[in-house]
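Colleague: I am new to this structure and would like a close look at one part of it. Could you walk me through that part slowly, explaining your terms as you go?

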Amino acid sequence: DLVFVFFDRFQLDLERAGLKVLYVKTLSDDFTKIGKMIRMWGRITAKPTAAEDVAADFEASVERIKNTLKPYEMGPTIFQDVGEFWTPGTDTLVSEVFELLKLENIAQDVSGYAQLSPEVIVERNPQIIFTGNRETFMGNLAFKNVSAVINDRVFELQPDLLSIAGPRFVHGIEEIARIVYPELFEQVKQNS
């Protein structure tokens, strides 16, 4: 009934073929728009009440995190390895998550995603590292003097939680909040 596209490259071709096409630009920043997207899909699928419940829960969770961290200035320095030392810089949804959680991204001089060299990571010395594979850092002598490695603050994240701007995105935010600030977010329920 409907073809949904993130990029407009083939939109006209699909429409000329007689298909109904919904083009929604890829959400690369401003994760607060996720609630609006959930509501939009609720209208499209004729489930506005269910979508409103999900969107309201999403927004309430973000607001709760924001209010909990309001009294704090800045948290630790962080590096997120999404694979082979590729990391999110500014202009990304993950960058906004780091800002919400008051984390100082060591890749803040990067726009979008970029690959950092091991030397740059060592030089910038993150206090916390998020990765898909702890052994990339814990088992590599090149990182032996990095604060996150010395203090065993290298964590594996569920890889898909922050990769899609949807209802589960907030679970990724909560997971990072629990890891970085366990004393503040121990009450946030674990997700399945």
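Modeller: Happy to. Buried means under 20% relative accessible area, exposed means over 50%, and partly exposed is anything in between (1.4 Å probe, protein chains only). This is a predicted model, in which local features need pLDDT of at least 70 and side-chain atom pairs pLDDT 80 or more, while totals for chains, interfaces and linings use all residues. Residues are numbered from 1 along each chain as its sequence is written, and side-chain values use heavy atoms, without hydrogens or water.

Let us take the sheet as our part, and then look at what surrounds it. Helices (H or I, at least four residues) and strands (E, at least two) are DSSP runs numbered from the N terminus. Two strands pair if DSSP finds at least two bridges between them. The sheet here is open, has four strands, and follows the order β5-β3-β7-β8 with parallel pairing. At its edges are β5 and β8, each of which pairs on one side only.

A good place to start is β3, which covers residues 77-80. Thr77 and Phe79 point one way from this strand, Ile78 and Gln80 point the other way, and all of them are buried. Towards β5 (residues 104-105), β3 pairs in the parallel sense over two bridges. Ile78 has Asn105 as its bridge partner in that strand. Towards β7 (residues 128-131), β3 is joined by three bridges, and these two strands also run parallel. Here Gln80 has Phe130 as its bridge partner. Continuing across the sheet, three bridges join β7 to β8, again in parallel. In that pair, Thr131 stands opposite Glu156 of β8.

Two loops that lead into the edge strands are worth a stop. Lys102 sits in the loop between α4 (93-100) and β5. Its phi is near 60°, a positive value in a residue other than glycine, and Lys102 is buried at a relative accessible area of 18%. Asp152 belongs to the loop between α7 (147-150) and β8 (154-156). Asp152 also has a positive phi, about 50°, although it is not a glycine. With a relative accessible area of 42%, Asp152 is partly exposed.

Now for the helices. Axes are lines fitted to C-alpha atoms, for helices over the stretch in contact, and angles between N-to-C directions run from 0 to 180 degrees; contact means heavy atoms within 4.5 Å. Helix α8 is our way in, since it lies across β7 and β8 and runs at about 145° to β7.

On from α8 (residues 169-180) we reach α3 (residues 48-69): the axes of the two helices come within 10 Å and cross at roughly 20°. They are therefore roughly parallel to each other (angles under 35 degrees count as roughly parallel, over 145 as roughly antiparallel, 65 to 115 as roughly perpendicular, the rest as oblique). On the α3 side the contact is made by Phe58, Ser61, Val62, Arg64 and Ile65, and on the α8 side by Phe169, Val170, Ile173 and Glu174. By class, that contact has six nonpolar, one polar and two charged residues (Ala, Val, Leu, Ile, Met, Phe, Trp, Tyr, Cys and Pro are nonpolar, Asp, Glu, Lys and Arg charged, and the others, Gly among them, polar).

Helix α3 also meets α2, whose axis comes within 8 Å of the α3 axis and crosses it at roughly 170°. That makes α2 roughly antiparallel to α3. From α2 the contact uses Ile34, Gly35, Ile38, Arg39 and Gly42; from α3 the residues include Pro48, Ala51, Val54 and Phe58. The α2 contact with α3 has eight nonpolar, two polar and three charged residues.

Within α2 (residues 34-44), Ile34, Gly35, Ile38, Met40 and Gly42 are buried. What covers these buried residues includes β2 (21-23), α3 and α8. Just after α2, Ala46 takes a positive phi of about 60°.

Back in α3, Asp53 counts as partly exposed at 46% relative accessibility. Asp53 and His171 are 118 residues apart in sequence and 16 Å apart in space, C-alpha to C-alpha.

One last stop is α5 (residues 118-124), which holds Val122. Val122 is partly exposed, with a relative accessible area of 31%. Leaving aside neighbours within four places in sequence, Val122 is in contact with Ala142, Phe143 and Val146.
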